[in-house]
Amino acid sequence: ADVRLSAHKSETQPKRRLRAVISGRGQGVSFRFFAQRGGNSLRLSGWVRNRGHDEVEGLAEGPPEALQRLLEELRRGPSAAYVSKVYTEWSDPRGDLPMPFAVAPSVWVPSGD
């Protein structure tokens, strides 16, 4: 009975959506794979990708507490990274992100977007 209750609780827990853009030295230091491991260990759906201009972007959905833990990891980054700024945007979940957490193809986004 306890197993079913805890599983039911996690299914009904409110979810949020987090978009994070990390600026600094995040490319060429395995930042995407670092973020992917974090997202998967927290059982979040989502993706991470390089954006150009020394930026990495992530989009994730899951329980707010797990998203906050991922955000703390992204602010720290892997040991070879240097994080100078993290832009965050919180919204309601859409349920359209991949599970497990994935590394998405890189894109070139003009600076400031």
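**View 1. Here we look at the pairing of R49 with a residue of strand β3.** In this predicted model, R49 has E57 as its bridge partner in β3. A little way along, W47 stands opposite L59 of β3. Both pairs can be found where strand β2, residues 45-52, meets strand β3, residues 55-62. The two strands run antiparallel, and 7 bridges join them. Together β2 and β3 make a hairpin with 2 residues between the strands. Take a look at H53 in the turn: its phi is positive, at about 55°.

**View 2. Now turn to the other partner strand, β1, joined to β3 by 8 bridges.** β1 and β3 run antiparallel. If you would like a pair to start from, try A20, whose bridge partner in β3 is G58. Stepping back, you will find an open sheet of 5 strands, in the order β4-β1-β3-β2-β5. The pairing in this sheet is mixed. At the edges are β4 (residues 82-91) and β5 (residues 102-103), each of which pairs on one side only.

**View 3. This close-up is about strand β3 and its surroundings.** Of the 8 residues in β3, 8 are buried, so the strand is largely enclosed by the rest of the structure. Both faces are covered. On one side you can pick out E55, E57, L59 and E61, and on the other V56, G58, A60 and G62, all of them buried.

**View 4. Two helices, α2 and α3, can be followed against the sheet.** Helix α2, made of residues 31-41, lies across β1 (16-25), β2, β3, β4 and β5. Its direction is at about 165° to β2. Helix α3, made of residues 64-76, packs on the sheet and touches β1, β3 and β4. The direction of α3 makes about 160° with that of β4.

**View 5. Here is E61, a residue of strand β3.** E61 has a relative accessibility of 6%, and because buried means under 20%, it counts as buried. Its side chain reaches the backbone nitrogen of R94 at 2.7 Å. Beyond residues up to four places away in sequence, E61 touches R16, R17, L44, S45, L67, P93, R94, G95, D96 and L97.

**View 6. For a look at helix α3 from one of its residues, find R75.** R75 is partly exposed, because its relative accessible area of 42% falls between the 20% limit for buried and the 50% limit for exposed. Leaving aside neighbours within four places in sequence, R75 is in contact with Q68, V83, V86 and T88. You can also locate A20, which is 55 residues from R75 along the chain. The C-alpha atoms of R75 and A20 are separated by 9.7 Å.

**View 7. Last comes the largest pocket, with about 290 Å³ of space.** The lining has 15 residues, and the closest to the pocket centre are K15, R43, L44, P63 and M99. Strand β3 and helix α3 each supply at least two residues of this lining. You may recognise L44 from View 5, where it is among the residues touched by E61.

Methods. Residues numbered from 1 in each chain as written. Predicted model: local features only at pLDDT ≥ 70, side-chain atom pairs only at ≥ 80, totals over all residues. Heavy atoms only, no water. Pairing = 2+ DSSP bridges. Helix = DSSP H or I, 4+ residues; strand = E, 2+ residues; numbered from the N terminus. Contact = heavy atoms within 4.5 Å. Axes fitted to C-alpha atoms, helices over the stretch in contact; angles between N-to-C directions. Buried < 20%, exposed > 50% of the residue type's maximum accessible area, 1.4 Å probe, protein only. Polar contact = N/O pair within 3.5 Å; in protein donor to acceptor, adjacent residues only side chain to side chain. 1 Å grid on protein atoms, 1.4 Å probe; cavity = no way out; pocket = protein on both sides within 12 Å on 5 of 7 lines; lining within 4 Å. Points joined across faces, edges and corners; volume = space filled by probe spheres on them.
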